[in-house]
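Let's take a friendly walk through this structure, one piece at a time. Keep the picture open while you read.

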Number of protein chains: 2
Amino acid sequence: MRDSTNEVLRNIATQGPLSRAQLARDLGLSGPTLTQATKYLLDRGLITELEQSPSTGGRPATLLGLVANAGQLLGIKLAEDHVVGVCVNLHSEILWKFEEPFKSRGEAAVKELTNLLRKQVKRVKGQLLGIGIGVPGVVSPLDSSTADSLMLGWTNLDVGKKLSQELNTPVLLENDVNTLSITESLYGHGRDVSNFITITLGRGIGMGLVINGELYSGSYGAGEFGHVQAVSPGALCECGKMGCLETLASSPAIHASAVTAGYIRPNTSISKLLELARSDKKIAHALFKKPAEALGIALGNVINVFGPELIFISGEGVGAWDLWEPHFQKSLKASVVSTMNKFEIEVDPWDDAKWALGATAIVLQASLSRNSNINSQSVEVKNRLRIASASGFSA
Amino acid sequence: MRDSTNEVLRNIATQGPLSRAQLARDLGLSGPTLTQATKYLLDRGLITELEQSPSTGGRPATLLGLVANAGQLLGIKLAEDHVVGVCVNLHSEILWKFEEPFKSRGEAAVKELTNLLRKQVKRVKGQLLGIGIGVPGVVSPLDSSTADSLMLGWTNLDVGKKLSQELNTPVLLENDVNTLSITESLYGHGRDVSNFITITLGRGIGMGLVINGELYSGSYGAGEFGHVQAVSPGALCECGKMGCLETLASSPAIHASAVTAGYIRPNTSISKLLELARSDKKIAHALFKKPAEALGIALGNVINVFGPELIFISGEGVGAWDLWEPHFQKSLKASVVSTMNKFEIEVDPWDDAKWALGATAIVLQASLSRNSNINSQSVEVKNRLRIASASGFSA
DNA sequence: CTTACTTTCTTTACTTACTTAAGTAAGTGG
DNA sequence: CCACTTACTTAAGTAAGTAAAGAAAGTAAG
């Protein structure tokens with residue numbers, strides 16, 4: 001297959017329906033090359049001709065769009081006690097969702113997950129391209145298979161390989177914040193931005209980095225934003241260090257500080273705590289000023305080094321963003337050097353299914369990306385997309 | 001010209017003499033392709049056949065090396081009151097050096113620099129590929145021509161274009177810390193490392209980032225490490241913010257704190273100050289503990305986010321590294337998360353000519369890099385290297 | 001000193017992935 | 001109706017790679 005075919009598919013998938021002429025301009029290719037590439041994709045049923053766009057003085061362009069049912073993807077979000085998942089088509093339209101209890105700790109975890117997913121895989125009608133799993137922890141960038149996660153109680157656990165063998169389907173793991181970053185980079189505002197940062201607030205504080213349009217994974221991992229030192233001397237973090245940002249600004253930390261101050265009892269829920277804070281400005285100030293300032297300074301420092309165009313803020317913690325924002329904005333402004341003060345901030349309302357949706361994006365990314373032939377799983381996903389129509393299932 | 005030809009030239013330039021067979025293995029190309037590519041480069045006099053490497057059981061390999069005199073480069077380091085420069089051949093051997101007084105402030109600065117460089121350009125025998133200039137400040141990544149520098153008193157000054165027109169030679173500007181990073185990435189320990197960080201200590205505190213083997217310049221610049229917030233509330237920095245790392249750990253800041261403490265008088269030199277600190281442990285402790293700890297924490301936080309393999313520490317300030325190190329190492333260790341604690345640190349002794357040498361590296365980089373066709377200057381440098389032998393000057 | 005083997009490099013013939021050139025298709029505006 | 005524009009197709013050619021085969025230049029063993 002031609003190099004360009006992949007680029008064409010990628011552009012149609014991410015930008016929506018496009019004409020051949022437009023694709024040629026975007027990709028810097030000649031007309032004939034596009035005729036060739038699109039013929040290949042049309043033959044295989046991956047794309048289809050749609051309506052014509054109105055003429056601009058000459059022959060009107062025929063738009064080409066992705067065939068939604070040429071493939072389906074499963075996206076999973078793992079938590080300590082449950083699993084959320086979605087099945088989507090190539091338009092990233094959710095076909096169905098599921099949520100099941102799951103114990104991530106203990107010997108039987110992988111087996112339980114296997115059985116749970118086997119049920120879901122059976123429900124898929126058509127070509128299943130692969131399963132993407134978002135993990136709250138560190139995933140090896142080499143194989144997208146082994147995971148370390150404090151939250152799940154996993155140390156160097158090769159989940160992906162086992163699942164993939166048992167289910168006979170490509171399985172790709174990725175850090176859950178990174179899946180969110182890829183979603184933004186494929187579909188969100190990050191689509192036409194080459195350098196941006198995603199941060200997530202919640203039980204932990206995470207960061208995903210997109211550099212030159214690609215997810216950055218560092219040499220030994222990246223984006224351990226929750227464990228930058230924010231206060232000195234500070235409290236002991238579960239990572240073993242002192243004064244991490246998480247000890248100050250994670251939701252458990254804020255909850256704990258409210259308990260210590262006597263505003264709530266230890267078993268009061270987070271939502272009750274937020275209600276209380278919204279009803280009493282003094283309490284809001286006492287609970288959120290320090291964390292929000294620490295977050296602003298820490299993020300400002302990353303911006304000074306990284307010079308991004310865009311910052312996404314997400315995670316379950318953004319439900320309380322109104323309480324963070326004033327202090328955060330002030331300290332962020334004060335810590336960023338003036339030449340870099342041009343970035344935009346986008347706060348994304350949090351949604352449980354969105355994370356699972358993000359996990360499907362890593363599979364799609366693998367099938368579309370230029371340089372994702374690193375591991376066997378990605379290659380297999382690509383192959384499945386190519387031969388989709390050959391197996392004769394498509395609508 | 002083939003895509004591979006550039007890769008071949010790049011590998012020979014950076015790795016030293018190599019055989020065709022070795023290059024084929026390194027680049028993942030077939031024998032015929034290498035025969036073709038090397039024939040092109042040999043015809044043009046850019047490379048030459050050297051001695052044969054001893055046989056390993058078969059036909060011995062013929063080594064191919066860069067022809068030193070196929071091109072020459074000028075590298076300049078600008079300071080507020082003087083200019084240091086070197087002329088090197090393609091082996092990066094220094095042919096001659098110069099140092100001249102120069103007033104960076106005022107209307108006449110560019111004209112003075114032009115005249116000063118014109119003299120040097122005339123001294124070059126052979127093909128001058130281009131002039132690289134390291135600037136203590138921010139250089140626009142778009143054109144490698146306009147510079148902002150507090151230290152030189154320049155705001156948005158388009159130096160490169162004017163010099164290039166007057167001297168009829170490609171001129172590339174780059175931040176001086178970045179030139180150092182490129183030097184490490186081309187010739188130094190950073191050669192086989194894809195993600196590393198360079199920091200410099202001195203009048204300011206700088207940072208260069210190499211990501212995926214390429215210099216990272218951010219969307220609005222990058223590496224403003226001297227202006228991350230290290231202390232709150234902190235002293236006013238010349239950048240207008242409060243509590244920047246530079247207000248604590250730059251050499252003027254340390255000097256000032258020694259004056260305030262009454263150890264020295266305002267006009268005592270830095271070297272006298274270091275003598276004093278080395279003779280009295282208490283003074284060393286009082287002057288260097290806080291800055292070194294702040295540096296350790298700030299760097300640790302960057303490491304947590306970027307996960308690099310290697311850290312270079314350089315700049316005129318490393319002359320006092322023995323005084324920084326103990327406090328620095330301790331706080332760095334304490335702030336980096338355990339999974340990323342695998343990086344190495346290399347402290348580079350500082351040398352005035354090395355910075356100028358670094359400036360030549362950006363020109364060489366432009367002629368060798370895969371994707372440096374962004375601006376006209378880089379393209380011109382490439383052309384000059386290609387047609388070098390055609391003009392019939394070579395040895 | 002021949003013979004067998006290894007490794008390096010070159011030549012030839014082919015493939016792939018594009019291109020340019022020329023023409024067809026289908027609209028617009030005078 | 002006819003010139004003009006824009007979109008797409010067909011045909012032929014080119015650039016840059018590959019694979020296969022062989023020549024060149026060494027080592028190792030009998």
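## A strand with two partners

Keep in mind that this is a predicted model. We start in chain A, where strand β1 (residues 18-19) runs antiparallel to β3(A) and two bridges join them. One of the pairings puts L18(A) opposite its bridge partner L64(A). Strand β2 (residues 47-52) of chain A is also antiparallel to β3(A), this time with four bridges. Here Q52(A) has T62(A) as its bridge partner.

So how much of β3(A) is buried? Five of the five residues of this strand (residues 62-66) are buried, so the rest of the structure largely encloses it. You can check that face by face: T62(A), L64(A) and L66(A) are buried on one side, and L63(A) and G65(A) are buried on the other.

## Up against the DNA

T62(A) turns up again when we look at DNA strand D. This strand is surrounded by 29 residues, and the closest are G58(A), R59(A), T62(A), S30(B) and T33(B). Which part of the DNA faces the protein? Of the DNA strand D atoms within 4 Å of the protein, 73% are from sugar or phosphate, while the rest are from bases.

Here are three polar contacts to phosphate oxygens of DNA strand D:

| Residue | Part of the residue | Distance to a phosphate oxygen |
|---|---|---|
| R20(A) | polar backbone atom | 3.4 Å |
| R25(A) | N or O atom in the side chain | 3.4 Å |
| T33(B) | N or O atom in the side chain | 2.6 Å |

Both chains join in: α2 (20-27) and α3 (31-43) of chain A, plus α1 (3-15) and α3 (31-43) of chain B, each give two or more residues to the surface near DNA strand D. The largest share, four residues, comes from α3(A). Sorted by type, the residues of this surface are eight nonpolar, 14 polar and seven charged.

## Inside the protein

In soluble globular proteins, nonpolar side chains tend to be buried together. In this model the largest nonpolar core has 88 residues, and F225(A), W324(A), F225(B), F306(B) and W324(B) have the most contacts inside it. Apart from that one lies another core of 41 residues, including L64(B) and L385(B).

Not every buried residue is nonpolar, though. T114(B) sits in helix α4 (residues 109-123) of chain B and counts as buried because its relative accessibility is 6%. The T114(B) side chain reaches the backbone oxygen of V110(B) at 2.6 Å. Leaving aside neighbours within four places in sequence, T114(B) is in contact with L163(B), E166(B) and L167(B).

Notes. Residues are numbered from 1 along each chain as its sequence is written. Chains are lettered from A and ligands numbered from 1 in the order in which they are written. This is a predicted model: local features need pLDDT of at least 70, side-chain atom pairs count only at pLDDT 80 or more; totals for chains, interfaces and linings use all residues. Side-chain values use heavy atoms; hydrogens and water are left out. Buried means under 20% relative accessible area, exposed over 50%, partly exposed in between (1.4 Å probe, protein chains only). Two strands pair if DSSP finds at least two bridges between them. A polar contact is a pair of N or O atoms within 3.5 Å; within protein, one must be able to donate a hydrogen and the other to accept it, and residues adjacent in sequence count only if both atoms are side-chain atoms. Contact means heavy atoms within 4.5 Å. A nonpolar core is a set of buried Ala, Val, Leu, Ile, Met, Phe, Trp, Tyr and Cys residues joined through side-chain atoms within 4.5 Å. A residue is near a molecule or strand if one of its heavy atoms lies within 4 Å of it. Ala, Val, Leu, Ile, Met, Phe, Trp, Tyr, Cys and Pro count as nonpolar, Asp, Glu, Lys and Arg as charged, and the others, Gly among them, as polar.
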